[in-house]
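Me: I am new to this entry and would like the labels explained one by one. Please set each value against its definition.

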2 protein chains.
Amino acid sequence: YAWVTLTTNDTYSLGALVLAHSLKRAGTAYQLVVLITPGVSESMRQRLKEVYNIVQEVNVMDSQDAANLALLARPELGVTFTKLHCWRLVQFEKCVFLDSDALVLKNCDELFEREELSAAPDVSWPDCFNSGVFVYKPSLDTFDKITKFAIERGSFDGGDQGLLNQYFADWAYVDINKHLPFVYNVTAYASYCYLPAFKHFKDKIKILHFAGKMKPWLMHYNAQNKTPSVPTQYTHATDLIQLWWNIFFENVHQRLNSSMRYCSATLTQWKNNYDLRKQRQQIQQQQHQLKSCTNLKATNLNLKYNQNYSLITGYNERLGDDDDDDGRLGWCFISTTFG
Amino acid sequence: YAWVTLTTNDTYSLGALVLAHSLKRAGTAYQLVVLITPGVSESMRQRLKEVYNIVQEVNVMDSQDAANLALLARPELGVTFTKLHCWRLVQFEKCVFLDSDALVLKNCDELFEREELSAAPDVSWPDCFNSGVFVYKPSLDTFDKITKFAIERGSFDGGDQGLLNQYFADWAYVDINKHLPFVYNVTAYASYCYLPAFKHFKDKIKILHFAGKMKPWLMHYNAQNKTPSVPTQYTHATDLIQLWWNIFFENVHQRLNSSMRYCSATLTQWKNNYDLRKQRQQIQQQQHQLKSCTNLKATNLNLKYNQNYSLITGYNERLGDDDDDDGRLGWCFISTTFG
């Protein structure tokens, strides 16, 4: 049995590091696996190896030839295929996939008693499951079938969630045991939150999932009093965001070093820009500057960590880019500083 | 078998009238029942009787004595109790309750094959069912039990949805057949909408539910070209909102008459006020004027219908008021005119 996550760049790797520590903190008995893509730097890979049992690079192009040919015509499926690689971990009998923006609050080892494909309902269209947490059985045959299905049918939302819901199409109606209780994948996405229910069930939450654009690592953190500045829309989850940062500060922060890739010159001027929406136009203009920054990769992500404990994370993406698969439109840019 | 809805005032009764016509349009074989409270005017009751088989007044205070005593100490449960009266329709073997802000798009008579309590998951906390559409078995015994449960335990959200989810607490985990497919209760509430899923499943939607503050009857309607002005956040559902208005215009509109209660003097000045959020403060100030208007009841609702085809609907409420049971904060004020 193994917990499996995926990270495509150094910023999401921060999430993956906290996720791994949260699993250990909850006393899991099982192994931890992280799939990475070439966008993860060498020094970050070292950090991941310190806490994950297996750090395995996957590449969208190492699937079989037939798939590759079709992929050439449908490059938008590349990121989707990356997540499918989790089915190739056939050294494990069963796995639970967790998005790297999840935080495990309590021991969830009982999830491995569930069958493929078990997942919790998605907020907003609850006859679809959310693909941020799911129980599955690794199998090369299943990998091939889903890959072929993806090429033939595509994904209704352009991401892995649409694809997996189309492939496991009977999830909503056939077997209640494949409906994970929502407490295994509670979306912290503020505008989707049913506050009275969140308060009523809060003590039962086992896994919190920072779906949507706002991530804990994008919030400002005050290293003096060790508290994050939680956006007003997320105040219902303040203590859980505090937990994310406690884990980050105690277990991850001191392991990071100055060899991380950075591109501070362009980003520092944005340092105090927290007003996301009003600055959208400005960000669009500045994107061109960013793209000319030689250290910045196509992922549009950047991490600076220097000697006087200053971490600056730049992050921006548009509809359909990167990990977000749900078609919600939004922009984020927040810088985080230590010290 | 019967379809059952509830309306507490003349404005929601417009929804109930359209709902009834939508059920007939979909060719239902079963009877229509509307529960009303004293807030519904006499002329509106006549309109309801033209399309509903049974128009039955219910009163929060006509429950048994023990409940009444407790209610005196917990007046906030009054509205919740009103909906529970649907269990007293024991002349029917089985019923489906529909909120009056629902719109039936296709024949749903197969719902009566389901058992109590069958309902669709709520967006935003999908281990709760949404109490806007549910299959139930009328029973005085069940009515008594839920009433007693409510008095002892309250409702986690202060409304019927929290109460019913606490009473039917095993809904999420026991029987998949009690999970109605989401297409039987699709929330049109814009900020909760997962657009790719809405588009993918749109043709399968059977019941659209205008949960939240924005209702079709609060949108401006142009009687010349027979189209409603759909707020930008609801454009994905434009054709369905158009359907609501088509039914309203063809089946309901000409039956309304000038004897409807109105209070135009105060409201007319707001006629062109469509910017909801910016006007919130202004509305709060003007509430005091509204409350001094002799024709306006405690429901804060008002309907004007005069000889030159001008319908002005004023509507405003705050967190926890009236039919909204989900704790989402919001204000609405839109006037509707027929030219």
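Me: How much area does chain A expose, and what share of it do carbon and sulfur atoms supply?

Reply: Chain A exposes about 13,400 Å², and carbon and sulfur atoms supply 48% of it. Accessible areas come from the Shrake-Rupley method with a 1.4 Å probe; for residues, only the protein chains shown count as cover. This is a predicted model, in which local features need pLDDT of at least 70, side-chain atom pairs count only at pLDDT 80 or more, and totals for chains, interfaces and linings use all residues. Residues are numbered from 1 along each chain as its sequence is written, chains are lettered from A and ligands numbered from 1 in the order in which they are written, and side-chain values use heavy atoms, leaving out hydrogens and water.

Me: Why is A:Gln161 called buried?

Reply: Buried means under 20% relative accessible area, exposed over 50%, and partly exposed in between (1.4 Å probe, protein chains only). A:Gln161 has a relative accessible area of 3%, so A:Gln161 is buried. In chain A, buried residues make up 63% of the 339 residues.

Me: What makes helix H6 of chain B largely enclosed?

Reply: Of the 8 residues of helix H6 (residues 160-167) of chain B, 7 are buried, so this helix is largely enclosed by the rest of the structure. Among them are B:Asp160 and B:Leu163. Helices (H or I, at least four residues) and strands (E, at least two) are DSSP runs, numbered from the N terminus.

Me: How do you know that the copies meet through the same surface?

Reply: The copies meet through the same surface because 100% of the interface residues of chain B are also interface residues in chain A.

Conventions: Contact means heavy atoms within 4.5 Å.
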